[in-house]
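Welcome! Please take a moment to look over the sequence and the model below before reading on.

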Amino acid sequence: MAENIQLEIVTPSKAVVKDEAQIVMAPGSLGEFGVLSGHTPFMTSLKVGTVKYVDESGKERFVFVNGGFAEALPDRVTILAESAERKEDIDVARAKAALERAQKRLESKADPDIDFERAKAALERAIHRIKLAEMS
Ligand code: ATP
């Protein structure tokens with residue numbers, strides 16, 4: 001059987017995942033990619049989205065990532081994200097509150113004090129978190 005991949009997902013404030021994976025899928029800026037053990041090394045930036053991996057026991061795992069970078073080596077994948085959390089750790093109420101705040105900001109179109117890019121990014125994070133947390 002093929003070797004496992006050492007997967008690490010870290011943010012500036014914490015190590016979110018340190019696990020062995022049979023396969024890792026991640027939302028690359030140029031599209032979703034998959035990494036198996038023995039893969040040719042590469043680096044890519046990431047979009048906001050979900051990292052999926054199959055752990056050692058065969059269970060599928062899901063982790064929200066807020067952009068960042070991935071480095072794939074033949075035996076390991078390291079992801080550095082601005083923020084990240086496992087599906088089971090997503091606080092849906094918090095994400096819904098963030099969604100509402102962002103929507104309100106985006107609706108106040110004429111307000112010069114609103115940073116729309118920031119509000120759009122917050123909206124995107126909230127939507128991804130809610131979708132992932134509510135996925136069965
Ligand atoms: P909020 O406005 O609720 O803080 P945000 O999108 O601005 O949301 P981030 O900057 O992405 O938050 O993350 C800040 C920290 O809070 C990170 O450690 C992240 O993992 C955590 N976090 C943010 N939203 C949630 C959530 N809905 N559930 C669990 N953890 C969250």
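The paragraphs that follow go from the whole chain to its domains, then to a helix and a few single residues.

Keep in mind from the start that this is a predicted model. The chain has 136 residues, and 38% of them are buried. Its C-alpha atoms fill a box of roughly 60 × 30 × 25 Å, taken along the principal axes. If you trace the secondary structure, you will find 2 helices and 7 strands. Their order along the sequence is β-β-β-β-β-β-β-α-α, so the strands come before the helices when you read from the N terminus. Contacts also link distant parts of the sequence: of those with a separation of 6 or more, 54% are between residues 24 or more positions apart.

Now let us split the chain into its parts. Domain 1 covers residues 5–87, and domain 2 covers residues 90–134. Their C-alpha centres lie 24 Å apart. Where the two domains meet, 11 residues of domain 1 are in contact with 7 residues of domain 2. About 800 Å² is buried between domain 1 and domain 2, and carbon and sulfur atoms give 60% of that area. Which three residues supply the most of what domain 1 buries against domain 2? They are V48, F64 and K87, with 61% of that area, more than any other three residues.

Next, turn to helix 1, which runs through residues 92–107. It has 16 residues, and at 1.5 Å a residue it should span 22 Å; the C-alpha atoms at its ends are indeed 22 Å apart, so expectation and model agree. At the N-terminal end, D91 acts as a cap, with a side-chain oxygen 3.2 Å from the backbone nitrogen of A93.

Which residues of helix 1 are buried? They are A95, A98, L99 and A102. These buried residues cover an arc of only 105 degrees around the axis, which means that they sit on the same side of helix 1. A general rule helps to read this spacing: an α-helix has 3.6 residues a turn, so residues three or four places apart point the same way. On the other side of helix 1, A93, K104 and E107 are exposed. Part of what covers the buried residues of helix 1 is helix 2, residues 116–134.

Helix 2 deserves a closer look through two of its residues. I127 belongs to helix 2, and it counts as partly exposed because its relative accessibility is 37%, between the cut-offs of 20% and 50%. The C-alpha atoms of I127 and K96 are 8.2 Å apart, although 31 residues separate them along the chain. E134 is also in helix 2. Beyond its neighbours within four places in sequence, E134 is in contact with V92 and K96. From E134 to K14 the C-alpha distance is 24 Å, and the two are 120 residues apart in sequence.

Finally, go back to the start of the chain. N4 lies in the segment before strand 1, which spans residues 5–10. Is N4 buried or exposed? With a relative accessibility of 18%, N4 counts as buried, because the cut-off is under 20%. Its side chain makes a polar contact of 3.1 Å with the side chain of E20. Leaving out neighbours within four places in sequence, the contacts of N4 are E20, A21, Q22, S37, E56 and D75.

Key: Residues are numbered from 1 along each chain as its sequence is written. This is a predicted model: local features need pLDDT of at least 70, side-chain atom pairs count only at pLDDT 80 or more; totals for chains, interfaces and linings use all residues. Side-chain values use heavy atoms; hydrogens and water are left out. Helices (H or I, at least four residues) and strands (E, at least two) are DSSP runs, numbered from the N terminus. The expected span of a helix is 1.5 Å times one less than its number of residues. Buried means under 20% relative accessible area, exposed over 50%, partly exposed in between (1.4 Å probe, protein chains only). The arc is that of the directions from the helix axis to the C-beta atoms. Contact means heavy atoms within 4.5 Å. A polar contact is a pair of N or O atoms within 3.5 Å; within protein, one must be able to donate a hydrogen and the other to accept it, and residues adjacent in sequence count only if both atoms are side-chain atoms. Domain bounds come from an automatic or database domain assignment. Buried area is the accessible area (1.4 Å probe) that two parts lose on being put together, summed over both.
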